[in-house]
Amino acid sequence: MRPIHGLDMLLARAVSLGIFGTKMRSVINLPSPSGITAIVAQQFDVAGQIARHGLVPIIETEVSIKSPDKSGAEAVLLSEPTKHADASAKKTWPHASDGLPRPVPESRAPTNWAAVTVSGRPFWLVRGQEPAHDASEGGPRRNPGRISGETRRGREEIMFQYEPFRDSTEHLNDGGTLRARLAEDGYLFLRGLLPREAILDVRARLLNKARDGGWLAPDSPLAVGVANSAAACKDPEPRYMSVFRGLWSDEALHRIRIGPRVLALFDRIFGERALAHPMFVQRNIFPQSDGFDFTTGIHQDRVHIGGGTSYAMWMPLGDCPRQMGSLAVAAGSHTTGILPTKVGSGAGGMDIVAPIPGTWVTGDFEAGDALIFQDVTVHKALPNRTRSIRMSFDARYQKLTEPMADTNLLPYAGCGSWDEVYADWSSRDGQYYWKDLPIAIVPLDQSHYERRDAMAFEMAEAGDRGARDAILRIIQRDPLPEKRERAEKLLARLDAS
Ligand SMILES: O=C(O)CCC(=O)C(=O)O
């Protein structure tokens, strides 16, 4: 490779944009041992520079298919990369009889990659095969050549292929087209719905609180939001909630979802007056690591939101490229009704178990972009593979004339009463805005949670830690003291096992 001038600056910029890693390619023509050794050493040198920025380098040295002695050159090449690996990695990096590295099952790499660490840092080597289709996923159709991504559930890696979002920005002021697209796809992707500066302002307010709560790496710029990995935590763990309460109560955050641009958009979509639910979710997703994963699983919102038909607006608080864990929706999945769920770590401690209809779509978000989707549209988050906390909020909207489930009138679970939420606000603007509205309030259909809880108890009794998130939710949120007590005992048993 030719020297890359200004690489450190470029890498720092890549980190700030949430880039996950890099790929470098060198081509070998002849079986020259000294030349090949130099090429591989150069790749590992540059990879070290890349890894020092926290990015994952992909090293790709390959023999040209036009080489006059292709197999000779490959034989020399195959012995090279292991020379640079840690002793521990060498031990766990088995080779097949053909000399090709085999995937290391314990690694974080997708299954078709072999991983090796050098000086304790991960380097990933592409093995050069297409991933096998995981039939058990039964998911949406794959589209080779499109954006690829991975999701990690436990130790499994499942490869998905994503289409890009259909962009509806140019139809922002045309309620008829927005309605037609929602009816067709179940979602709308809108660029620049809100001013970038307004979102970045809310982001800075929340990051300040996150830093005070110990969530951020002390020596990094606030705006990048680099996580303190030792503080990684998730909703509803007590150590998450103690910091989160301050974030969720932030007055600028509350106002942004009920601002005139947002409400006017939903008025246009509905063709009548829209109602913003008082309850909404603010999410802080710490980076995925070997010991931590809080990637939102595949789900539909209807079971959690209830009432009539509602629509979510998901908005990252800052730029959110796919690598930071942006949202993906299964376009067209909204016509299939409510799909069966199992206990999981997804929204409300549930994940969908049925094959997913539709086509997965996703994209990179910039501050101010919004994704709107119906309450039966299947969706999930991508894993956060950056070093920063992914901050976002998702709020719900419906026609004022439709019924709303009672739970949407409450503050977020664990955040106290509305008076407590508003206690530190500097103005009353936006407080109790729903009080005088003619809302038909109905009870939330709890049957989905009841099924989840029965399943979680059964799993926890059998020592299955997959029930832990659901058990935590019962402890924090269930109104029945005897149920909470049973969950507490089971959690203690799970954590001791
Ligand atoms: O942000 C996430 O991780 C999940 C968001 C989500 O599930 C929703 O908006 O309904």
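1. In this predicted model, the shell around the ligand consists of Arg 283, Ile 285, Thr 296, Asp 301, Ala 312, Trp 314, Leu 327, Ala 347, His 379, Ala 381, Ser 392 and Asp 394. Two or more of these residues come from each of strand 8 (274-285), strand 9 (311-316), strand 15 (379-381) and strand 16 (390-399). By residue class, the shell comprises six nonpolar, three polar and three charged residues.

2. Strands 8, 9 and 16 also belong to an open sheet of five strands, in which the order is 7-14-9-16-8 and the pairing is antiparallel. The edges are formed by strand 7 and strand 8; each has a single partner strand, so one side of each lacks a neighbour in the sheet. From one strand to the next, the twist averages 20 degrees.

3. Strand 9 merits particular attention. Six of its six residues are buried, so strand 9 is largely enclosed by the rest of the structure. In a regular strand, side chains alternate between the two faces of the sheet. Within strand 9, Tyr 311, Met 313 and Met 315 point one way, while Ala 312, Trp 314 and Pro 316 point the other way. Ala 312 and Trp 314 are also among the residues surrounding the ligand.

4. The pairing of strand 9 can be followed on each side. With strand 14, strand 9 pairs in the antiparallel sense over four bridges, and Met 313 stands opposite Ile 372 of strand 14. With strand 16, the pairing is again antiparallel and extends over six bridges. There, Pro 316 has Ser 392 as its bridge partner, and Ala 312 has Arg 396. Ser 392 is itself one of the residues around the ligand.

5. At one edge of the sheet, strand 7 (residues 187-190) is joined to strand 14 (residues 370-374) by four bridges, and the two run antiparallel. Phe 373 in strand 14 is the bridge partner of Tyr 187. Tyr 187 and Phe 189 point one way from strand 7, and Leu 188 and Leu 190 point the other way; all are buried.

6. Which way do helix 6 and helix 7 run relative to each other? The axes of helix 6 (residues 196-212) and helix 7 (residues 238-248) come within 9 Å and cross at roughly 160 degrees. An angle over 145 degrees counts as roughly antiparallel, and the two helices are therefore roughly antiparallel to each other. The crossing of helix 6 past helix 7 is right-handed.

7. Two loop positions may be considered in turn. Gln 300 lies in the loop between strand 8 and helix 10 (302-305). Is Gln 300 buried or exposed? With 25 other C-beta atoms within 10 Å, Gln 300 is buried, the threshold being 20 or more. The C-alpha atoms of Gln 300 and Leu 339 are separated by 8.0 Å, although these residues are 39 residues apart along the chain.

8. His 171 occupies the loop between strand 6 (156-164) and helix 5 (175-185). Its surroundings include 17 other C-beta atoms within 10 Å, and His 171 is accordingly partly exposed; this class lies between the limits of 12 or fewer for exposed and 20 or more for buried. A distance of 9.9 Å separates the C-alpha atoms of His 171 and Arg 181, which are ten residues apart along the chain.

Technical notes. Residues are numbered from 1 along each chain as its sequence is written. This is a predicted model: local features need pLDDT of at least 70, side-chain atom pairs count only at pLDDT 80 or more; totals for chains, interfaces and linings use all residues. A residue is near a molecule or strand if its C-beta atom, placed from the backbone, lies within 6 Å of it. Ala, Val, Leu, Ile, Met, Phe, Trp, Tyr, Cys and Pro count as nonpolar, Asp, Glu, Lys and Arg as charged, and the others, Gly among them, as polar. Two strands pair if DSSP finds at least two bridges between them. Axes are lines fitted to C-alpha atoms, for helices over the stretch in contact, and angles run from 0 to 180 degrees between N-to-C directions. Angles under 35 degrees count as roughly parallel, over 145 as roughly antiparallel, 65 to 115 as roughly perpendicular and the rest as oblique. A crossing is left-handed if the near helix is turned anticlockwise from the far one by less than a right angle, and right-handed if clockwise.
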